[in-house]
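Work through the exercises below with the sequence and the model side by side. Try each task before reading its solution.

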Amino acid sequence: MSSSIFQFRSCKVAVIGAGPGGLVAARELRRESHNVVVFERQDQVGGTWVYHPCVDTDPLGSDPARTIVYSSSLYSSLRTNIPREIMGFLDYPFLSTGLADRDSRRFPGHREVLLFLNDFTTEFRLTDLIRFKTEVVYTGLGEDGKWRVRSRKGNDEEEIEEIFDAVVVCNGHHTHPRIPQIHGIDAWPGKQMHSHIYRIPEPFRDQTVILIGNAASAHDISRDISQVAKEVHVASRSAKHNLFGKQPGFDNMWLHPMIESVHRDGTVIFQDGSRVLADVIMHCTGYEYHFPFLDTDGLVTVEDNRVGPLYKQIFPPALAPWLSFVGLPWMRNLASDWWQAPLFTVFELQSQWIAGLLSGRIGLPSQEEMMKDVEASYSSLEASGTPKRYTHKLGDYEFEYIDWVAAACGIPRIESWMKKMYHATFDNMKVRPETYRDEWDDDDLVLEAQKNLRSDIPLDAISPL
């Protein structure tokens with residue numbers, strides 16, 4: 001909803017997190033002439049794209065007293081599972097630099113993504129907005145309608161409180177592992193861990209490893225570990241029955257239905273009755289949304305991994321637009337558990353909408369109308385039998401969502417080649433699950449993308465090669 005006549009306002013805005021969501025939020029807010037402060041608890045930008053070889057002290061990530069390696073859930077061998085042409089920002093694409101020390105592959109490794117985010121930060125002069133090694137410990141609304149943000153620098157015990165007009169939460173959701181319940185697990189003698197702490201395959205040499213999950217991390221890590229492990233078994237809730245059994249191209253990998261129970265002798269029994277004597281169970285089961293610093297007096301809750309109520313996955317109706325969330329939706333295709341979506345574009349469009357709403361350039365529906373929209377969304381999920389924990393899973397509706405937010409910002413929908421490339425990549429994954437990152441049949445779309453991306457970049461947004 002746009003307003004043709006409005007009174008411009010410049011707000012003091014706290015952005016929590018300097019990952020890709022926080023970076024593009026900071027850029028869009030400053031473009032809209034807001035006063036921006038970004039709080040980042042690490043010593044660099046990048047969020048989840050910062051690789052740490054060290055890991056949390058608790059392999060399951062469930063001990064609140066554990067030493068936490070914030071943000072990093074990357075494994076050493078990780079490469080993107082969407083091509084770089086649809087991974088960048090709309091006006092700052094993820095083009096190959098051609099430099100010798102950079103990864104020019106179409107599906108590059110994680111280091112190249114981090115370098116791209118550093119390039120983005122430098123290009124748009126965002127560093128001066130960021131307070132590194134600064135953790136937000138409390139964010140709450142005062143009686144005057146302003147937000148109180150308390151932060152702590154490094155290991156200092158002293159907390160500093162500041163007042164902001166608005167808060168944009170961009171803290172990511174890859175640090176608080178989600179662990180399923182397994183019958184008999186307390187007596188099972190093997191090792192349990194979450195994929196959050198997986199880095200390299202060597203510790204699993206000659207072991208029998210079970211991975212729970214069928215998303216991108218389980219797919220990649222199972223292949224990584226199979227190089228050194230005795231046996232690798234993947235337990236999946238969503239895989240089709242005809243795919244169960246020994247996996248093509250591997251001598252030591254099997255796909256199973258979910259685990260039924262585990263036992264004192266180390267045996268793991270699957271729902272089809274098959275059993276394996278295992279050394280390790282690795283949970284590739286995703287993460288919980290976690291906002292320990294946020295106090296909304298119950299206006300925003302997290303229940304069974306549903307953050308709500310949120311209008312269009314961003315705004316709590318009772319607090320809009322002064323509190324917002326960037327990056328909550330996850331974009332798995334409904335026909336697969338593999339991650340695949342132009343997430344940076346989602347972050348960018350969400351941020352543009354937030355910035356325009358805060359300045360008054362764009363209008364919101366009434367609180368009542370927003371709540372009706374949220375309730376209608378919840379009712380639709382319930383009617384379809386979708387659990388609460390999938391509230392933020394857009395599935396096959398990601399482009400409908402992206403186009404809706406673009407329209408709310410008053411900009412054109414994303415170009416058709418991007419949608420075609422997205423679907424072509426997914427189709428290629430199904431045909432070439434082991435080699436889709438290096439073999440593809442959509443060169444025509446690659447050429448169209450390169451032509452469009454280079455012609456659409458403003459001259460002042462092109463980094464020198």
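## Exercise 1: Backbone angles in loops

D206 is exposed, with a relative accessible area of 58%; exposed stands for over 50%, buried for under 20%, and partly exposed for the range in between (1.4 Å probe, protein chains only). The model is a predicted one, in which local features need pLDDT of at least 70 and side-chain atom pairs count only at pLDDT 80 or more, while totals for chains, interfaces and linings use all residues. Residues are numbered from 1 along each chain as its sequence is written, and side-chain values use heavy atoms, with hydrogens and water left out.

Task: Find where D206 lies and state its phi.

Solution. Step one: D206 is in the loop between β8 and β9; helices (H or I, at least four residues) and strands (E, at least two) are DSSP runs, numbered from the N terminus. Step two: its phi is near 65°, a positive value in a residue other than glycine. Step three: most residues other than glycine have a negative phi, and most peptide bonds are trans.

Task: Do the same for K133, and decide whether K133 is buried, partly exposed or exposed.

Solution. Step one: K133 sits in the loop between β3 (130-131) and β4 (134-141). Step two: K133 is not a glycine, yet has a positive phi of about 55°. Step three: its relative accessibility is 46%, so K133 counts as partly exposed.

Task: Locate the cis peptide bonds at P309 and P321.

Solution. Step one: G308 and P309 are joined by a cis peptide bond with omega about -5°. Step two: A320 and P321 are joined by another, with omega about 0°. Step three: P309 lies in the loop between β19 (306-308) and β20 (323-325), and P321 is found in the loop between β19 and β20.

## Exercise 2: Strands and sheets

Task: Give the strand order of the open sheet of six strands and explain what is particular about its edges.

Solution. Step one: the order is β8-β16-β9-β10-β12-β11, with mixed pairing; two strands pair if DSSP finds at least two bridges between them. Step two: β8 (191-194) and β11 (245-246) each have a single partner strand, so one side of each has no neighbour in the sheet. Step three: inside this order, β9 (residues 208-212) and β16 (residues 280-283) pair in the parallel sense over four bridges. I212 stands opposite H283 in β16.

Task: Describe strand β1 and its pairing with β2.

Solution. Step one: β1 covers residues 12-16, and four of its five residues are buried. Step two: β1 pairs with β2 (residues 35-39) in the parallel sense over five bridges. Step three: the bridge partner of A14 in β2 is V37.

## Exercise 3: Helices and buried residues

Task: Check the length of helix α2 and see what its buried residues pack against.

Solution. Step one: the expected span is 1.5 Å times one less than the number of residues. Step two: for the 14 residues of α2 (residues 110-123) this gives 20 Å, and the end C-alpha atoms are 20 Å apart, which agrees. Step three: the buried residues of α2, including L114, F116 and L117, pack against α1 and α4.

Task: Place E28 and list what it touches.

Solution. Step one: E28 lies in helix α1 (residues 20-31) and is buried, with a relative accessible area of 6%. Step two: not counting residues up to four places away in sequence, E28 touches E348, S351, Q352 and A355, where contact means heavy atoms within 4.5 Å.

## Exercise 4: The cores

Task: Name the residues with the most contacts inside the largest nonpolar core.

Solution. Step one: a nonpolar core is a set of buried Ala, Val, Leu, Ile, Met, Phe, Trp, Tyr and Cys residues joined through side-chain atoms within 4.5 Å. Step two: the largest has 88 residues, and V168, I225, M282, F344 and W353 have the most contacts inside it. Step three: helix α4 (residues 343-359) supplies the largest share of this core, nine residues. Step four: apart from it lies another core, of 22 residues, among them I16, V167, F291 and V300.
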